[in-house]
Amino acid sequence: MRLFTSIEPPAAMQQALAQICYGLPRIRWAPPEQLHLTLVFIGEVQPALLEPIIEQLGKIHFEPFRLECQGLGSFRSGVLWLGVEPQPQLLALQQSLLAQLRPLEGLRLESRRYHPHITLGRMHRRHPPDLQHFLAEHQQQHFSFEVDRFELKSSVLSAERAQHRSECSFAAQV
């Protein structure tokens, strides 16, 4: 089973983002309902680890906070993204997740530097589209929303796209 933790933008923001995700060739756009901010990619795990992971994540305490999202860009991997401001509460939550998950046997957590973003689509790496006009046109897009929970999600890959399912939701403490 393939797992990750994420923050889900509100449905209105997902729909607003879907309105700009068009018009470029050779991009597989993310469906609006699957737009999310990954906190920690856990990866492939044995199903028996699901309960211990949920137990560890349930120990995390955080207060609600506001996320600011703006600026579009792309990674060499072919991911087209919306930037997320790496503010202290977000980074603290992400680090808390890592700290709770590291002690579990059988997990291989990513060690690369955290770059918060929402994946809008994936480009063909060998033949990427010209992004210059698209980025200039949408660079001023700004979104903001309150974070009051994070999700543990599973992902099943298929030829067309990944299917995400919430395994457990963890609310902020008020």
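Here, buried means under 20% relative accessible area, exposed means over 50%, and partly exposed lies in between (1.4 Å probe, protein chains only). By that yardstick Trp81, at 14% relative accessibility, counts as buried, while Phe75 is partly exposed at 29% relative accessible area.

A word on ground rules: this is a predicted model, where local features need pLDDT of at least 70, side-chain atom pairs count only at pLDDT 80 or more, and totals for chains, interfaces and linings use all residues. Residues are numbered from 1 along each chain as its sequence is written, and side-chain values use heavy atoms, leaving out hydrogens and water.

Now the rings. Those of Phe, Tyr and Trp (its six-membered ring) pair if their centres lie within 6.5 Å; planes under 30 degrees apart count as stacked, over 60 as edge-to-face and the rest as tilted. That rule gives five aromatic pairs, including these:

| Pair | Centre distance | Plane angle | Type |
|---|---|---|---|
| Phe75 and Trp81 | 5.6 Å | 35 degrees | tilted |
| Phe150 and Phe170 | 4.9 Å | 20 degrees | stacked |

The Phe150 and Phe170 pair links distant parts of the chain, 20 residues apart: Phe150 sits in strand S8 (residues 149-156) and Phe170 in strand S9 (residues 163-171). Strands here are DSSP runs (E, at least two residues), numbered from the N terminus. Both Phe150 and Phe170 are buried. What cluster do ring pairs link Phe150 and Phe170 into? It's one that also takes in Phe62 and Phe65.

Notes
Helices (H or I, at least four residues) and strands (E, at least two) are DSSP runs, numbered from the N terminus.
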